[in-house]
Amino acid sequence: MQNADLWQKCIDFHGHSCGGLAIGFRAALYARKLLDVDFSEDEQIVCITENDACGVDAISVILGCSAGKGNLLFRIRGKQAFSFYNRQNGQSFRLILKAQPDSKKDKADKLEYMLNAPDEELFAVTEVTQPLPPEAQIYGSKPCDECGEMTADCFLRNKNGKMLCADCYDKA
Ligand SMILES: [Zn+2]
Ligand SMILES: [Zn+2]
């Protein structure tokens with residue numbers, strides 16, 4: 001198979017080899033081809049994933065999209081679909097996994113198919129349904145007026161003139 005070392009890198013990161021990881025692996029490679037970029041050092045490549053399954057790890061490894069960097073966003077819809085955005089040139093598209101052929105019955109068969117089938121056979125390319133998300137914000141923090149714990153500004157809410165963290169807000 002192509003990119004065998006990259007697949008191994010994904011397995012090492014994810015902890016095991018599985019069909020779900022292979023979906024993300026192929027989606028990330030296809031996206032990389034369509035985007036004509038390599039690893040996303042900063043935030044120029046953004047991914048919105050419509051699931052939080054195994055495959056997301058491969059997208060982090062191959063494209064550098066991660067929750068911590070703010071360029072991997074979850075919009076859970078229970079679909080094997082991933083939208084990609086290139087901030088540098090405004091390009092965007094969405095990959096959605098097609099139904100697999102019925103002939104691929106057992107796990108090994110399915111994995112083999114997922115790793116080797118042509119891109120176009122695995123994924124349909126559609127328009128994105130969401131606008132390009134704004135760049136990750138750096139928020140300041142203030143202590144919650146109730147528990148005193150430092151909390152990002154955007155998570156403090158006003159209740160009777162007190163600025164409360166979400167937990168204290170719910171209790172008040
Ligand atoms: Zn897995
Ligand atoms: Zn609090």
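Reader: Why is the passage of α2 across α3 called a right-handed crossing?

Author: In this predicted model, helix α2 (residues 19-35) and helix α3 (residues 55-63) pack at an angle of about 35°. A crossing is right-handed if the near helix is turned clockwise from the far one by less than a right angle, and therefore the passage of α2 past α3 bears that name.

Reader: What makes α2 and α3 a packed pair, and which residues meet?

Author: The axes of the two helices are 6 Å apart. Contact requires C-beta atoms within 7 Å. On that criterion, residues of α2 including L21, F25 and L29 meet residues of α3, among them V56, I59 and L63.

Reader: What is the character of the residues in this contact of α2 with α3?

Author: The contact divides into 12 nonpolar, 3 polar and 2 charged residues. Gly counts as polar, so G20, G24 and G55 belong to the polar group.

Reader: How do you know that β1 and β2 are paired strands?

Author: Pairing requires at least two bridges. Strand β1 (residues 45-49) is joined to β2 by 3 bridges, and therefore the two count as paired. They run parallel, with C47 opposite L72 in β2.

Reader: Why are β2 and β5 called edge strands?

Author: The open sheet has 5 strands in the order β2-β1-β3-β4-β5, with mixed pairing. Both β2 (72-74) and β5 (123-126) pair on one side only, which is what makes them edges. From one strand to the next, the twist averages 20°.

Reader: Where do α2 and α3 lie on the sheet, and at what angles?

Author: Helix α2 lies across β1, β3, β4 and β5, at about 150° to β4. Helix α3 lies across β1, β2 and β3, at about 175° to β1. Such values are possible because angles run from 0 to 180 degrees between N-to-C directions.

Reader: How do you know that the chain departs from a compact globule?

Author: A compact globule of 172 residues would have a radius of gyration near 16 Å, but the chain has 20 Å. Its C-alpha trace spans about 65 × 35 × 30 Å along the principal axes. The chain is divided into domain 1 (4-126) and domain 2 (141-171), whose centres are separated by 37 Å.

Note on methods
Residues numbered from 1 in each chain as written. Chains lettered and ligands numbered in written order. Predicted model: local features only at pLDDT ≥ 70, side-chain atom pairs only at ≥ 80, totals over all residues. Domains from an automatic or database assignment. Helix = DSSP H or I, 4+ residues; strand = E, 2+ residues; numbered from the N terminus. Contact = placed C-beta atoms within 7 Å. Rg over C-alpha atoms; globule rule 2.2 N^0.38 Å.
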